[in-house]
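Biologist: I would like a close look at one part of this model, and at how that part meets its partner. Please keep it brisk.
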Amino acid sequence: MLEALIWIIRRDLTIAMRRRADIFTTLIFFVIVVSLFPLGIGPELDTLRLIAPGVVWVGALLASMLALEQIFSADHRDGTLEQMLLTPQPVSLLVVGKVLAHWLVTGLPLVVMAPLLGLQYDLSWPGLQALVLSLLLGTPALSLIGAIGAALTLGLRSGGVLLALLVLPLYIPVLIFGAGAVEATVSGLGGQSHLAMLAAILVGSLVLAPVATAAALRVAED
Amino acid sequence: MTEQPALEVDKLCCVRGDRELFRDLSFGVDRGEVLHLKGHNGSGKTTLLRALAGLLLPEDGAIRWRGESIRSLREDYARHLLYLGHLNAIKGDLSAVENLRISAILDGFEITEDRAWSILGEIGLSGHEDLPTKHLSQGQKRRVALARLLANQATVWILDEPFTALDVAAVQMLQDVIQRHVAGGGIAIITTHQEVAMLGDQTRTVVLGRHHA
């Protein structure tokens, strides 16, 4: 069973490596969105420092939402998804594998890029640390929660917009605690409690989201 | 009462959109038999196959594997099943060998790289084993998909138009493979518009859409 999980991750990573352009679109989108704010607001460091956590987090959230559609759509089109529903493996396990591979390809680069963008906003060193840590806990949760929406909107014609409407409200708690962790750290209050909440959200979504996603996939293939 | 068949369809009714495709459809297939589904376009052949595979929830009626509903068996039924639909279910960015090995793992068993190479040679893809499958022709892609039949140990094969895009030699080979599978106690459920008299005497035929024609 674990073998299937490892193989599905390997499969998706191999495919992603063979079409690298898809990886960079998400990352570049993130960089551009976050870089637009200083251009629009002006280069006052006090203002920038104030908005930094929120802006970087909203950027990461939008970028990860943008990438969601890719999780299942290619597999849906070429028929491999229906084969996954017909294997003796638990579908939710395969979903975990697919989401994990998807996060490694689209989420992890955001986490790595975030400190650089944080520097643009003159975030302090503890602030940068909190930013990376909060994204490290938060973006996998975003991928897991988003996978439910991606599965529900599979095969719909205006799926992209609908997906955003479905998923963005569910992202709010992650955004609040993610940006909150950075703010609290910068202001000296300590972000531990926010990070703990993020970790709790991650664990909760790891347990519940794959089951819901698997059910939604069955409906989508019906 | 006679002994119940391995795979049994009981008063099945399927609806697509608002249209009822068939109602009160009952038949059984036993080990060592081929079930040939016939019917004009749109008569519900693919829908029936998808229902038999458990991908689609029928409106009414039951499908039973060894006396138990496939809805409740789910993964235990999937273990015995190989479904090949219209779509080849292969990834264009992966090679034939990679595709075959991954579908085997998902089907619950592992095949070595050497075994995958020999199966692909057997099915007539020598020299194309490690090319990304997006560079192959339609018929060759179909062969990659059909290679699963040679690797798999499933009992029930559900094949939706397996002969499309294949050349004469490949059609002959596929018929041999199906015959061998059935002779070994397997079940094959297929739809095809080609004449398949050569599938053997153990062929049952179910015709769909007679009432609406």
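Biologist: How many residues of chain A are in contact with chain B, and how many residues of chain B are in contact with chain A? Then take me through chain B itself.

Modeller: Some ground rules come before the count. Residues are numbered from 1 along each chain as its sequence is written, while chains are lettered from A and ligands numbered from 1 in the order in which they are written. This is a predicted model, in which local features need pLDDT of at least 70, side-chain atom pairs count only at pLDDT 80 or more, and totals for chains, interfaces and linings use all residues.

Now the count. 22 residues of chain A are in contact with 23 residues of chain B (contact: C-beta atoms, placed from the backbone, within 7 Å). On the chain A side, two elements give two or more residues: α1 (2-18) and α5 (80-85) of chain A. The biggest giver is α1(A), with 7 residues. Elements here are DSSP runs numbered from the N terminus: helices are H or I of at least four residues, strands E of at least two.

Turn to chain B. Its secondary structure is 7 helices and 9 strands. Its C-alpha trace spans about 50 × 35 × 35 Å along the principal axes. Take the contacts in chain B between residues at least 6 apart in sequence: 70% of them join residues at least 24 apart. As for burial, 42% of the 213 residues of chain B count as buried. Burial is a count of other C-beta atoms within 10 Å of a residue's own, all placed from the backbone: 20 or more is buried, 12 or fewer exposed, and in between partly exposed.

Next, the domains of chain B. Domain 1 takes 1-80 + 155-213, and domain 2 takes 91-152. These bounds come from an automatic or database assignment. Domain 1 of chain B is thus written as two segments, with domain 2 of chain B numbered between them. Over C-alpha atoms, the centres of the two domains of chain B are 24 Å apart. They do touch: 10 residues of domain 1 of chain B are in contact with 9 residues of domain 2 of chain B. On the domain 1 side, helix α7 (residues 168-183) of chain B supplies the largest share, 3 residues.

Now the sheets of chain B. One is an open sheet of 4 strands, ordered β2-β1-β4-β5, with antiparallel pairing (strands pair if DSSP finds at least two bridges between them). Its edges are β2 (19-29) and β5 (68-69) of chain B, each pairing on one side only. Look at one pair in detail. Strand β1 (residues 7-16) of chain B and β2(B) pair in the antiparallel sense over 7 bridges. Here B:Val9 has B:Phe27 of β2(B) as its bridge partner.

The other sheet is parallel. Its 5 strands run in the order β6-β7-β8-β3-β9 in chain B, and this sheet is open too. Edge positions go to β6 and β9 (203-207) of chain B, which pair on one side only. Strand β3 (residues 33-38) of chain B is joined to β9(B) by 5 bridges, and the two run parallel. B:Lys38 has B:Val207 of β9(B) as its bridge partner.

Helix α1(B) packs on this parallel sheet, touching β3, β6, β7 (156-160) and β8 (187-191) of chain B. The antiparallel sheet meets that helix as well: α1 (residues 45-53) of chain B lies across β1, β2 and β4 (60-65) of chain B. So much for the framework.

One backbone detail in chain B deserves a stop. B:Ala89 has a positive phi, near 55 degrees, although this residue is not a glycine. It sits in the loop between β6 (81-84) and α4 (96-106) of chain B. B:Ala89 counts as buried because 23 other C-beta atoms lie within 10 Å.

Chain A offers a residue to set beside it. A:Asp122, also not a glycine, has a positive phi of about 60 degrees. The loop between α6 (91-120) and α7 (125-152) of chain A holds A:Asp122. A:Asp122 is partly exposed, because 13 other C-beta atoms lie within 10 Å.

A last stop, on the partner chain. A:Ala209 lies in helix α9 (residues 192-221) of chain A. A:Ala209 is buried, with 23 other C-beta atoms within 10 Å. Beyond its neighbours within four places in sequence, A:Ala209 is in contact with A:Leu144, A:Ile145, A:Ala147 and A:Ile148. A:Phe72 is 137 residues away from A:Ala209 along the chain, and their C-alpha atoms are separated by 15 Å.

Key: Two residues are in contact if their C-beta atoms, placed from the backbone, lie within 7 Å. Axes are lines fitted to C-alpha atoms, for helices over the stretch in contact, and angles run from 0 to 180 degrees between N-to-C directions.
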